[in-house]
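Trainee: Could we go through this one together, a question at a time? I would like to see the reasoning behind each answer.

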Amino acid sequence: MEDVGNGTPTGDKLVLRGLMFHGYHGVKPEEKKLGQKFLIDVDAWMDLRSAGKSDNISDTTSYTAIYRIVKEVVEGKSHDLLESVAQTIASKIFTNHSQISAVHVKVGKPHVAVAGSFDYLGIEIIRYRSIDAPN
């Protein structure tokens, strides 16, 4: 499931899109005090063949379990950088779900004090269990 060579994992994955939470992340004092909305997308690569054959939830990872991790991190302890928010999400996913081989986490800020028109500004990371969370 992991293809570390070209930078993008391949194969089966769980997909969570457009998760929105209020958090207190940022380097500016007002971001820490007032907070803001954060938009999160997660891809979690794992082999879904068994679940596809068995039609049994125990053969996969629940979307809800991943959602709860993201919610806990974004609504929890304040981070200065979006990179740290994303890394914490990825690390907790690996810690709690050993069958996941790679994760892609996108963290966006829809309301940034930047002149111009945009949907959001943010970061994306891809992490591999074999590199970032080896046994």
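Trainee: Happy to start with a lysine: is Lys-32 buried, partly exposed or exposed?
Mentor: Keep in mind that this is a predicted model. Buried would need under 20% relative accessible area and exposed over 50%. Lys-32 has 30% relative accessibility, so the class is partly exposed.

Trainee: Which residue forms a salt bridge with Lys-32?
Mentor: The closest N and O atoms of this pair are 2.7 Å apart, and the cut-off is 4 Å. Lys-32 sits in helix H1 (residues 29-34), while its partner is in the loop between helix H3 (63-75) and helix H4 (82-96), 48 residues apart. That partner is partly exposed at 46% relative accessibility. The residue is Asp-80.

Trainee: How many salt bridges does a search of the whole structure find?
Mentor: The pair Lys-32 and Asp-80 is one example. Another is Lys-71 with Glu-75, whose closest N and O atoms are 2.8 Å apart. For the whole structure, the search finds eight.

Trainee: Where do Lys-71 and Glu-75 lie?
Mentor: Lys-71 is partly exposed at 33% relative accessible area, and Glu-75 is partly exposed at 39%. The two are four residues apart, about one turn of the helix, and both lie in helix H3.

Trainee: Which residue forms a salt bridge with Asp-43 at 3.7 Å between the closest N and O atoms?
Mentor: Asp-43 lies in strand E2 (residues 36-45) and its partner in strand E1 (residues 13-23), so the pair ties together parts that are 30 residues apart in sequence. Asp-43 counts as buried at 4% relative accessibility, whereas the partner is partly exposed at 34% relative accessible area. The partner is Lys-13.

Trainee: Which residue is linked with Lys-13 and Asp-43 in a network of salt bridges?
Mentor: We have just met the salt bridge between Asp-43 and Lys-13. The network of salt bridges also takes in an arginine, Arg-17.

Trainee: What is the order of the strands in the open sheet?
Mentor: E1 and E2 pair in the antiparallel sense over nine bridges. E2 also pairs with strand E3 (residues 102-109), again antiparallel, over seven bridges. With four strands in the open sheet, the order is E1-E2-E3-E4.

Trainee: Which strands stand at the edges of that sheet?
Mentor: An edge strand here has a single partner strand, so one side of it is left without a neighbour in the sheet. From one strand to the next, the twist averages 15°. The strands at the edges are E1 and E4 (121-128).

Trainee: Which residue in E3 does Asp-41 stand opposite?
Mentor: Let's follow the pairing across E2. Leu-16 stands opposite Val-42 in E2. Trp-45 has Ala-102 in E3 as its bridge partner. For Asp-41, the residue opposite in E3 is Lys-106.

Trainee: How many of the 10 residues of E2 are buried?
Mentor: Helix H3 lies across E1 and E2, running at about 30° to E1. Helix H4 packs on the sheet too, touching E2, E3 and E4, and its direction makes about 30° with that of E4. E2 is mostly covered, and its number of buried residues is eight.

Conventions:
Residues are numbered from 1 along each chain as its sequence is written. This is a predicted model: local features need pLDDT of at least 70, side-chain atom pairs count only at pLDDT 80 or more; totals for chains, interfaces and linings use all residues. Side-chain values use heavy atoms; hydrogens and water are left out. A salt bridge is a side-chain nitrogen of Lys or Arg within 4 Å of a carboxyl oxygen of Asp or Glu. Buried means under 20% relative accessible area, exposed over 50%, partly exposed in between (1.4 Å probe, protein chains only). Two strands pair if DSSP finds at least two bridges between them. Axes are lines fitted to C-alpha atoms, for helices over the stretch in contact, and angles run from 0 to 180 degrees between N-to-C directions. Contact means heavy atoms within 4.5 Å.
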